[in-house]
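Hello,

Here is the structure I promised to pass on to you. Please open it next to this message and follow along as you read.

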Amino acid sequence: MKYLILIYDEAVRRSRPDCPDLRNDRARAHLALTDDLAAGGEMIAAEALAHPSQARRVLVCEGGGVATIDGSFADSREQLAGFYLVECEDVDRAVEHAARLPEAADGLVEVRPVLCHGGLEM
């Protein structure tokens, strides 16, 4: 089964001063998880996302023209900051991986099954 581990970033966390040691500890935790997932054959992909202000919403107009609208779009406390796409035996295993992320201590990690085209879990 494939699972998407979504990592959110809270505006509150972004706005507070962050010491380099804490940032380095978070980075090390992510690198360790990435290494373990790759070594165990469960890693499909993992990426950090740019700030929402760099996003573009795409609109296909009548006649086939394309328009874009610059972000940010959601006025939300939380923004999607990155993800891991993993293949695990079950959701409990995916949750086990997600719990290793430093953001999980703040409740900012979500595990979601990936559906195939027919709507069934893969």
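Glu110 has a relative accessible area of 25%, so it counts as partly exposed. Bear in mind as you look that this is a predicted model. The partner of Glu110 is Arg112: the two form a salt bridge in which the closest N and O atoms are 2.6 Å apart. Arg112 is likewise partly exposed, at 44% relative accessibility.

Elsewhere, Glu42, Arg93 and Glu96 are joined into one network by salt bridges that share partners. Within that network, the side chains of Arg93 and Glu96 meet at 2.7 Å, N to O. Both residues belong to helix α3 and sit three residues apart, which is about one turn of the helix. Arg93 is partly exposed at 26% relative accessibility, and Glu96 is partly exposed at 46%.

In total, the model has six salt bridges. One that I would point out joins the side chains of Asp36 and Arg100, at 2.8 Å from N to O. This pair links distant parts of the chain, with Asp36 in helix α2 (residues 20-39) and Arg100 in the loop between α3 and β6, 64 residues apart. Asp36 has 42% relative accessibility and is therefore partly exposed; Arg100 is also partly exposed, at 36%. As general background, side chains of opposite charge can pair when their charged atoms come close.

Now for a charged residue in another setting. Is Glu103 buried or exposed? Glu103 is buried, because its relative accessible area is 8%, below the 20% cut-off for that class. You will find Glu103 in the loop between α3 (91-98) and β6 (109-113). Its side chain makes a polar contact of 3.1 Å with the side chain of His30.

His30 also comes up next to the nonpolar core: apart from neighbours within four places in sequence, Leu101 is in contact with Ile5, Ile7, His30, Leu33, Tyr84 and Val109. Leu101 belongs to the largest nonpolar core, which has 11 residues: Tyr3, Ile5, Ile7, Leu33, Leu37, Tyr84, Val86, Cys88, Ala94, Ala98 and Leu101. At least two residues of this core come from each of β1 (2-10), α2, β5 (78-87) and α3. The element that gives the most is β1, with three residues. In soluble globular proteins, nonpolar side chains tend to be buried together.

Ala94 is a good place to look at this core in detail. This residue lies in helix α3, and its relative accessibility is 0%, so it counts as buried. Leaving aside neighbours within four places in sequence, what is Ala94 in contact with? The list is Tyr3, Ile5, Val86, Cys88 and Val111. The C-alpha atoms of Ala94 and Lys2 are separated by 8.8 Å, although the two residues are 92 apart along the chain.

Finally, please have a look at the surface. Val58, Val60 and Val66 form a nonpolar patch there, and together they have about 310 Å² of accessible area. Val60 is part of strand β3 (residues 56-60). Why does Val60 count as exposed? Its relative accessibility is 60%, and the class begins over 50%.

Happy browsing, and best wishes!

Notes
Residues numbered from 1 in each chain as written. Predicted model: local features only at pLDDT ≥ 70, side-chain atom pairs only at ≥ 80, totals over all residues. Heavy atoms only, no water. Patch = residues over 30% accessible without salt bridge, like charges linked within 9 Å, V, L, I, M, F, W, Y side chains within 5 Å. Areas by Shrake-Rupley, 256 points an atom, 1.4 Å probe, with all protein chains shown as cover. Salt bridge = Lys/Arg side-chain N within 4 Å of Asp/Glu carboxyl O. Helix = DSSP H or I, 4+ residues; strand = E, 2+ residues; numbered from the N terminus. Buried < 20%, exposed > 50% of the residue type's maximum accessible area, 1.4 Å probe, protein only. Polar contact = N/O pair within 3.5 Å; in protein donor to acceptor, adjacent residues only side chain to side chain. Core = buried A, V, L, I, M, F, W, Y, C linked by side-chain atoms within 4.5 Å. Contact = heavy atoms within 4.5 Å.
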